[in-house]
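Please open the model in your viewer and keep the selection tool at hand. The tour below goes from stop to stop, saying what to select and what to look for there.

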Amino acid sequence: MKQIKVCLIGYGYWGSKLARNFQNSNFFNLTSIIDISKKNLEKAKRDFPLAKIGNDYKEFIKKQNISLVVISTPTKTHFQIAKYTLEKKINILVEKPLSLSIREVKVLENLSKKNKVLLFVDYPFLFSGSIKYIKKLIDNKKFGNLIEIESFREQAPVRKDCNVVWDLTVHDISILNFLLNKMPSSYESRKFKTLGSSQADTAYLNLSYKKKINVFLKNTWISPKKVRLIKFKFKNAIVYCDENEPIYKIKIFKGNKKNNLNYNLEIPEIDLSEPLSQLVNYIYKSIQLKKNIIFDKKLNLNITKILSKLS
Ligand SMILES: NC(=O)c1ccc[n+]([C@@H]2O[C@H](COP(=O)([O-])OP(=O)(O)OC[C@H]3O[C@@H](n4cnc5c(N)ncnc54)[C@H](O)[C@@H]3O)[C@@H](O)[C@H]2O)c1
């Protein structure tokens, strides 16, 4: 099988996870890693001794026969690097958020169409077994209609180039888009700089969807404990989805009609494979078929529009 050559730009915290997932795939060959930090390049060389390393992505993209460029640099650099790569007619995977500007997202989408190459964004939860399980519960109404969603996403590195909404709420919005398949009908947002930093580090958000689904989101970088919990309130059960749990990520609390303080707990079996490895498989299939089903339906544009309103 002919492997697809990958160049990774940005070997920081998240870039190293992407590198591992592409290297572990039979479909891809991580041939080059680019970073402007000498320290991170040295680490890349230690971790991937067969990959070429360098600090100038333009130089590498020009010379190597690359079919996929993975961009895991800070958000403010995404547009420039993504545009350059799409202009060279190379498929790209960009880290979330794609850009903080609706105009820039449109430019990139149009460029990918014009040059007939694919544009992917890393929204990892679209590929998580637990979110896929919840999607089935919503669609088959096993526990009746969905009434309310509450999401708590706490603790992450403080960023300087975007606020917590662009950094963490992007995950909730990508999940909501996938699960509900529609835009919210109303938005409320309160943001705080609790540490007096340049960007808002904490946000309390409220979205409403038609059919009376209310969504509450709390996102903060500042927390001693990592929390990634979403509660789905259905008519006949409340379902917890905890991405921090290693195995029992989904817990179904079935209501007791006679006593609202008494629930029966059920723990279903779900697909526990790493979402990034599923994303890597999806990218391979999409490149083979020259089709990008998940991202075709204005996904990036809709997510950016919602985040622009909230931020
Ligand atoms: N999908 C997720 O769940 C997830 C999780 C964490 C971070 N991220 C995203 O990944 C991106 C990177 O975040 P991070 O936490 O890894 O940051 P980081 O600071 O740890 O890493 C960024 C790396 O990019 C390098 N870099 C900066 N400009 C460059 C350039 N012009 N050319 C080459 N290299 C350059 C830096 O030297 C650094 O090594 C961000 O967009 C972030 O939002 C996504």
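Two strands are said to pair if DSSP finds at least two bridges between them, and helices (H or I, at least four residues) and strands (E, at least two) are themselves DSSP runs, numbered from the N terminus. Residues are numbered from 1 along each chain as its sequence is written. This is a predicted model, in which local features need pLDDT of at least 70 and side-chain atom pairs count only at pLDDT 80 or more, while totals for chains, interfaces and linings use all residues.

**First stop: the parallel strands**

Select strand β4, residues 68-71, together with strand β5, residues 91-95; β4 and β5 pair in the parallel sense over four bridges. Within this pairing, Ile-71 has Val-94 of β5 as its bridge partner. Now add strand β1, residues 4-9, which runs parallel to β4 and is joined to β4 by four bridges; here Cys-7 is partnered with Val-69 of β4. Strand β1 also runs parallel to β2, with six bridges between them, and in that pairing the partner of Ile-4 is Phe-28 of β2.

Is β4 covered on one face or on both? A residue counts as buried if 20 or more other C-beta atoms lie within 10 Å of its own, as exposed if 12 or fewer do, and as partly exposed in between, with the C-beta atoms placed from the backbone. Both faces of β4 are covered, since Leu-68 and Val-70 on one side are buried, and so are Val-69 and Ile-71 on the other. Strand β2, residues 28-34, is mostly covered, with five of its seven residues buried.

**Second stop: the nonpolar core**

Keep Val-70 selected and add Leu-8, Ile-9 and Ile-92: these four have the most contacts inside the largest nonpolar core, which has 74 residues. A nonpolar core is a set of buried Ala, Val, Leu, Ile, Met, Phe, Trp, Tyr and Cys residues joined through C-beta atoms within 7 Å. Helix α7, residues 164-180, gives the most to this core, with nine residues. The core draws at least three residues from each of domain 1 (4-122) and domain 2 (125-272).

To look more closely around Val-70, take two residues to be in contact if their C-beta atoms, placed from the backbone, lie within 7 Å. Leaving aside neighbours within four places in sequence, Val-70 is in contact with Val-6, Leu-8, Ile-9, Leu-18, Phe-22 and Leu-93. In soluble globular proteins, nonpolar side chains tend to be buried together.

**Third stop: the ligand**

Which residues come nearest to the ligand? Of the 24 residues around the ligand, select Gly-10, Gly-12, Trp-14, Ser-37 and Glu-95, which come nearest; a residue is near a molecule if its C-beta atom, placed from the backbone, lies within 6 Å of it. Helices α1 (13-23) and α4 (75-87) each supply at least two residues of this shell, and α1 gives the most, with three residues. By class, the shell divides into ten nonpolar, nine polar and five charged residues, where Ala, Val, Leu, Ile, Met, Phe, Trp, Tyr, Cys and Pro count as nonpolar, Asp, Glu, Lys and Arg as charged, and the others, Gly among them, as polar.

**Fourth stop: the two domains**

Colour domain 1 (4-122) and domain 2 (125-272) separately; their bounds come from an automatic or database domain assignment. The C-alpha centres of domain 1 and domain 2 lie 29 Å apart. Where the domains meet, six residues of domain 1 are in contact with four residues of domain 2. The side of domain 1 that touches domain 2 has three nonpolar, one polar and two charged residues.

**Last stop: the loops**

Select Lys-96 and Pro-97, which are joined by a cis peptide bond with omega of about -20°; Pro-97 has its place in the loop between β5 and α5 (102-114).

Go on to Lys-116, in the loop between α5 and β6 (119-122), where phi is near 55°, a positive value in a residue other than glycine. Lys-116 is exposed, with 9 other C-beta atoms within 10 Å. Lys-141, found in the loop between α6 (129-140) and β7 (146-154), is not a glycine either and has a positive phi of about 50°. Lys-141 is exposed, with 12 other C-beta atoms within 10 Å.

Finish at Ser-273, in the loop between β14 (259-266) and α8 (275-289). Ser-273 and Ser-128 are 145 residues apart in sequence and 7.6 Å apart in space, C-alpha to C-alpha.
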